[in-house]
Amino acid sequence: MIETSGVIEKEQGNGFYLVTLEQPEGHQCLCRAAGKLTKFRIKLLAGDKVTVEISPYDLSRGRITYRERNTNAPRPGGGGNRPGGPRRR
């Protein structure tokens with residue numbers, strides 16, 4: 001497997017994403033999220049920086065194995081008077 005990083009350009013539908021890779025400069029491939037990402041329901045959005053595995057036999061398809069953390073994004077659970085969000089009963 002060839003492992004490289006890239007940025008998600010757009011969601012194609014049916015679980016596929018169009019990713020622009022950094023290593024072969026500007027190369028685009030159609031990628032699907034790996035099993036652990038779908039198991040733990042990791043959200044993938046356009047603009048996310050990801051790590052991709054590409055098969056050496058077909059360079060136009062790949063698998064997203066890791067989404068890097070976005071430190072600028074607000075944390076979920078905000079709102080309400082309590083830290084971490086409102087409490088539900």
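Outside its neighbours within four places in sequence, S5 is in contact (heavy atoms within 4.5 Å) with L21, E22, Q23, V50 and T51. S5 belongs to strand β1, residues 2–13; helices (H or I, at least four residues) and strands (E, at least two) are DSSP runs numbered from the N terminus. The side chain of S5 also makes a polar contact with that of E22, at 2.9 Å. A polar contact is a pair of N or O atoms within 3.5 Å; within protein, one must be able to donate a hydrogen and the other to accept it, and residues adjacent in sequence count only if both atoms are side-chain atoms. The model is predicted: local features need pLDDT of at least 70, side-chain atom pairs count only at pLDDT 80 or more, and totals for chains, interfaces and linings use all residues. Residues are numbered from 1 along each chain as its sequence is written, and side-chain values use heavy atoms, with hydrogens and water left out.

T51, in strand β4, is in contact with E3, T4, S5, R63, I64, T65 and Y66, leaving aside neighbours within four places in sequence. T51 is buried at 14% relative accessible area (buried, under 20%; exposed, over 50%; partly exposed, in between; 1.4 Å probe, protein chains only).

The search for salt bridges (a side-chain nitrogen of Lys or Arg within 4 Å of a carboxyl oxygen of Asp or Glu) returned 2 in the whole structure. In one, E22 pairs with K49, with 3.0 Å between the closest N and O atoms. Because E22 lies in the loop between β2 and β3 and K49 in strand β4, this pair ties together parts 27 residues apart in sequence. E22 is partly exposed at 36% relative accessibility, and K49 is partly exposed at 33%. E53 forms a salt bridge with R63, the closest N and O atoms being 3.9 Å apart. This pair links E53 in strand β4 to R63 in strand β5 (residues 61–67), 10 residues away.

The largest nonpolar core (buried Ala, Val, Leu, Ile, Met, Phe, Trp, Tyr and Cys residues joined through side-chain atoms within 4.5 Å) has 13 residues, of which I8, V19, L44, V50, V52 and I64 touch the most other members. Strands β2 (16–21), β3 (28–33) and β4 (49–54) each give two or more residues to this core. Among the residues that V19 touches are C29 and C31.

No disulfide (cysteine sulfur atoms within 2.5 Å) was found, the search giving 0. The sulfur of C29 is 3.2 Å from that of C31, its closest cysteine sulfur, and therefore too far for a bond. C29 is buried at 1% relative accessible area, and C31 is buried at 0%.
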